[in-house]
Amino acid sequence: MEHPELLFIIPAALIVLILLLCLKIVPQAHEYVLERLGKYKRTWSAGLHFKIPVIDRIAKKVTLKEQVLDSPPQPVITKDNVTMQIDTVVYFKVFDAKLFTYGAVNPISALSNLTATTLRNIVGELELDDTLTSRDTINGKMTEILDSATDQWGIKVNRVELKNIIPPAEIQNAMEKQMKAERDRRETLLEAEGHKAAVITRAEGDKQALILAAEGERDARIARAEGEAKAIFLAKKAEADGLAALKDAGVDLAVLELKKYEALVAMSNGTASKIIVPTDAVEMTKANILFAETTGLGDNTPSAPAPAKAEPKADPCCE
């Protein structure tokens with residue numbers, strides 16, 4: 001042979017190629033199920049692994065990431081015989097690659113069918129209104145039932161959501177009319193409550209205005225009465241002070257009687273006024289006048305000037 005070294009190079013290259021093909025790298029968040037001679041051997045986690053050629057084979061490659069199963073709309077009949085179209089979304093992940101591989105022929109299809117039957121069972125116990133308003137309740141029940149049923153398939157159901165609930169067209173029209181009637185009723189109630197509040201507010205304002213006006217009138221009357229009382233008090237005090245001054249000056253009864261008479265004269269200034277003077281006051285006045293004329297006391301009238309005396313004329317003959 002011209003190149004005997006090829007007899008060694010070719011087999012060595014084949015061996016290296018086979019070894020490279022038997023080396024397997026498992027990515028992160030994945031698991032491989034290994035079978036040896038058709039029997040489960042082990043589950044490979046992330047990392048580098050080696051399998052024996054021909055004897056070992058990888059039965060299934062499983063991802064451990066969370067997956068989403070979007071089920072198509074399903075016809076569901078409620079308790080009050082209303083057929084609706086409901087589609088669901090299931091969030092799940094594989095927690096055991098061995099159970100996921102050997103638990104069911106097609107675990108994803110089994111989960112989809114189980115979701116549809118569970119939804120029919122739960123909604124069949126509810127009426128239309130309860131179905132439309134109980135999404136959270138339906139989601140919780142479905143999550144609990146599916147999670148318990150899929151444990152033997154190595155599947156963990158994390159959450160179930162109702163994506164769409166589509167009632168029949170006639171039910172939708174009736175619901176829209178009912179909603180419009182409800183909105184009209186609320187609008188009428190709000191307008192009535194607003195009118196009522198306005199009337200109450202106006203009445204309260206009128207009431208407060210009357211109260212404030214009454215309080216103002218009361219305060220004005222009180223102030224006016226206090227002013228009049230103070231004026232009367234000051235007048236009486238001045239009169240008392242005047243009497244006290246007369247008493248201190250030693251004025252006799254005759255003068256006091258004259259002062260009373262002067263007061264009566266002052267009171268008579270005006271129209272249609274009549275003064276009745278007691279007899280004793282008149283007698284006392286006459287006595288005082290007679291006494292004054294006799295003695296000349298109290299007479300302030302100036303006397304007439306005395307006539308001038310004529311001077312004697314000079315006698316021209318004697319000069």
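I take helices (H or I, at least four residues) and strands (E, at least two) as DSSP runs, numbered from the N terminus. The model I consulted is a predicted one.

**Entry 1. Nonpolar cores**

I began with the largest nonpolar core, which holds 29 residues. The members that touch the most other members are I86, L119, I138, M142 and V157. I then listed the elements that give this core two or more residues: the strands β8 (83-94) and β9 (155-166), and the helices α2 (97-102), α3 (107-123) and α5 (135-149). Another core lies apart from it and has five residues, including Y32, L34, W44 and I58. I note as background that nonpolar side chains tend to be buried together in soluble globular proteins.

I looked up the contacts of L119, leaving out residues up to four places away in sequence. L119 touches V76, I86, T88, I138, M142 and L162.

**Entry 2. The cavity**

How many cavities of 30 Å³ or more does a search of the whole structure find? I recorded one. The largest cavity contains about 40 Å³ of space. I listed its lining as S71, P72, Q74, I86, T88, S112, T115, A116 and L119. L119 and I86 thus appear in this lining and also among the core members noted above.

Both β8 and α3 supply at least two residues of the lining. Which element gives the most? I found that α3 does, with four residues. By class, I recorded five polar, four nonpolar and no charged residues in the lining of this cavity.

**Entry 3. Q74 and strand β7**

I next followed Q74, one of the lining residues of the cavity, and placed Q74 in strand β7 (residues 74-77). Is Q74 buried or exposed? Q74 counts as buried because its relative accessibility is 16%, and the cut-off for buried is under 20%. Its contacts, not counting residues up to four places away in sequence, are M84, Q85, I86, A116 and R120.

In a regular strand, side chains alternate between the two faces of the sheet. I saw this alternation along β7: Q74 and V76 point to one face and are buried, whereas P75 and I77 point to the other and are not.

I found β7 and β8 to be antiparallel and joined by four bridges. V76 has M84 of β8 as its bridge partner. The two strands form a hairpin with five residues between them, and N81 in the turn has a positive phi of about 60°.

**Entry 4. Two further positive phi values**

Most residues other than glycine have a negative phi. I therefore looked up two further residues, citing that general tendency as my reason.

A29 is not a glycine, yet has a positive phi of about 65°. I located A29 in the loop between β1 (23-26) and β2 (30-36). A29 is partly exposed, with a relative accessible area of 23%.

V54 has a positive phi near 70°. I located V54 in the loop between β4 (47-50) and β5 (56-63). V54 is exposed, because its relative accessible area is 85% and the cut-off for exposed is over 50%.

**Entry 5. The largest pocket**

Lastly I examined the largest pocket, which has about 200 Å³ of space. I listed its lining as L128, D129, L132, I171, A174, M175, Q178, M179 and E182. The elements that give two or more residues to this lining are α4 (128-133) and α6 (169-248). The largest share comes from α6, with six residues. I recorded the classes of the lining as six nonpolar, two charged and one polar.

Technical notes
Residues are numbered from 1 along each chain as its sequence is written. This is a predicted model: local features need pLDDT of at least 70, side-chain atom pairs count only at pLDDT 80 or more; totals for chains, interfaces and linings use all residues. Side-chain values use heavy atoms; hydrogens and water are left out. A nonpolar core is a set of buried Ala, Val, Leu, Ile, Met, Phe, Trp, Tyr and Cys residues joined through side-chain atoms within 4.5 Å. Buried means under 20% relative accessible area, exposed over 50%, partly exposed in between (1.4 Å probe, protein chains only). Contact means heavy atoms within 4.5 Å. On a 1 Å grid over the protein atoms alone, a cavity is a set of points where a 1.4 Å probe fits but cannot get out, and a pocket is an open set with protein on both sides within 12 Å along at least five of seven lines; lining residues have an atom within 4 Å of a point. Grid points are joined across faces, edges and corners, and a volume is the space filled by probe spheres set on the points. Ala, Val, Leu, Ile, Met, Phe, Trp, Tyr, Cys and Pro count as nonpolar, Asp, Glu, Lys and Arg as charged, and the others, Gly among them, as polar. Two strands pair if DSSP finds at least two bridges between them.
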